[in-house]
Amino acid sequence: MSVHIDAKPGEVAETILLPGDPLRAQWIAETYLEDTICYNQVRGMLGFTGTYKGKRISVQGTGMGIPSCMIYTHELITEYGVKNLIRVGSAGAYQADLKLHDIVLALSASTTSGINQERFKGYTYAPTAHFELVTRAIEQAKKMAIDIKGGNVLSADTFYEDRFESYEQWAKFGVLCVEMETAGLYTLAAKHGVKALSILTISDSLVTGERTTAAEREKGFGTMAQLALEMV
């Protein structure tokens, strides 16, 4: 077991889904997986392993923000041998053509975090998704007739901005949406030579002000979960 994950050796699968919300992890496990075990309850950050169509898959909550996500990502990779990490998270739209419940593949992740400025001595590092997982997600989305969009997303350090319109500069440069974890996930995946992809569901829009409910964010993003499970 590691510091923040109480799993025994072999209890975590090589492929894992990573929602920020631990209750979404529980919902995914209870809804889609068979023969499920709960391997972690430390700090309420639930983790489960089961099978989906005969393939062993885990689901682990990571909490909100890059620091929390990187703690769980690091331990899953270094302590439990996880090889394929797929974030299934929510995001706020920066573009007018992104509607509630639309699916976005994060091909790359800009960030307001300073984690990589420190790591790379002030230079800019561009965290990107793994090409194989991107390709598989696109192919599976076509099979499932899911309309997806792909591009650059923003991994922000703050949820409540001082200025509501501060998103506009990112939007003008083509950033699709904002979330809080992907840049950290992609950086660690690259460092350790494993595969990572963020699949995001639009939960609110900074353009229109629309938003989903807390209940919808916990249990209403089934399309994203099914896409992630089918592609792996």
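Here is a short back-and-forth about how the labels on this structure are earned.

User: What kind of model is this, and how are residues numbered?

Analyst: It's a predicted model, where local features need pLDDT of at least 70, side-chain atom pairs count only at pLDDT 80 or more, and totals for chains, interfaces and linings use all residues. Residues are numbered from 1 along each chain as its sequence is written, and side-chain values use heavy atoms, with hydrogens and water left out.

User: What makes H2 and H6 roughly parallel?

Analyst: Start with the general idea: two packed helices are described by the angle between their axes and the distance between the axes. Helix H2 covers residues 66-80 and helix H6 covers residues 182-192; they pack at about 25°, with axes 8 Å apart. So H2 counts as roughly parallel to H6, because the label goes to angles under 35 degrees (over 145 is roughly antiparallel, 65 to 115 roughly perpendicular, the rest oblique). The axes are lines fitted to C-alpha atoms, for helices over the stretch in contact, and angles run from 0 to 180 degrees between N-to-C directions. Helices (H or I, at least four residues) and strands (E, at least two) are DSSP runs, numbered from the N terminus.

User: Which hand does the crossing of H2 and H6 have?

Analyst: The crossing of H2 and H6 is right-handed. That word is for a near helix turned clockwise from the far one by less than a right angle; anticlockwise would be left-handed.

User: Which residues make the contact between H2 and H6?

Analyst: On the H2 side, Ile66, Cys69, Met70, Thr73, His74, Ile77 and Thr78 take part; on the H6 side, Ala183, Gly184, Leu185, Leu188 and His192 do. Contact here means heavy atoms within 4.5 Å. The residues of this H2 and H6 contact divide into seven nonpolar, five polar and no charged. For that split, Ala, Val, Leu, Ile, Met, Phe, Trp, Tyr, Cys and Pro count as nonpolar, Asp, Glu, Lys and Arg as charged, and the others, Gly among them, as polar.

User: How do you know that H6 is mostly covered?

Analyst: Eight of the eleven residues of H6 are buried, which means under 20% relative accessible area (exposed is over 50%, partly exposed in between; 1.4 Å probe, protein chains only). The buried ones in H6 are Thr182, Ala183, Gly184, Leu185, Tyr186, Thr187, Leu188 and Ala189. After H6 comes Gly193, with a positive phi near 70°.

User: Why is Met180 called buried, and what does Met180 touch?

Analyst: Met180 has 15% relative accessibility, so it falls on the buried side. Met180 sits in the loop between strand E8 (177-179) and H6. Leaving aside neighbours within four places in sequence, Met180 contacts Gly65, Ile66, Arg87, Ser155, Ala156, Asp157, Thr158 and Phe159. One of those partners, Ser155, belongs to strand E7 (residues 148-155), and at 0% relative accessibility Ser155 is buried too.

User: Why is the pair of Trp27 and Tyr32 called edge-to-face?

Analyst: A search of the whole structure turns up four aromatic pairs. In this one, Trp27 and Tyr32 are 5.7 Å apart centre to centre, with 90° between the planes, hence edge-to-face. The cut-offs: rings of Phe, Tyr and Trp (its six-membered ring) pair if their centres lie within 6.5 Å, and planes under 30 degrees apart are stacked, over 60 edge-to-face, the rest tilted. Trp27 is buried at 16% relative accessible area, and Tyr32 is buried at 16%.

User: What makes the pair of Tyr94 and Tyr167 tilted?

Analyst: Tyr94 and Tyr167 have 40° between their planes and 5.3 Å between centres, giving a tilted pair. The pair links distant parts of the chain, 73 residues apart: Tyr94 is in the loop between strand E5 (84-93) and strand E6 (103-111), and Tyr167 is in helix H5 (residues 167-172). Tyr94 is buried at 5%, as is Tyr167 at 11%.

User: Are His101 and Lys121 buried, partly exposed or exposed?

Analyst: His101 has 36% relative accessibility, so it is partly exposed, while Lys121 has 71% and is therefore exposed. Phi catches the eye here: most residues other than glycine have a negative phi. His101 has a positive phi near 80°, and Lys121 has a positive one of about 55°.
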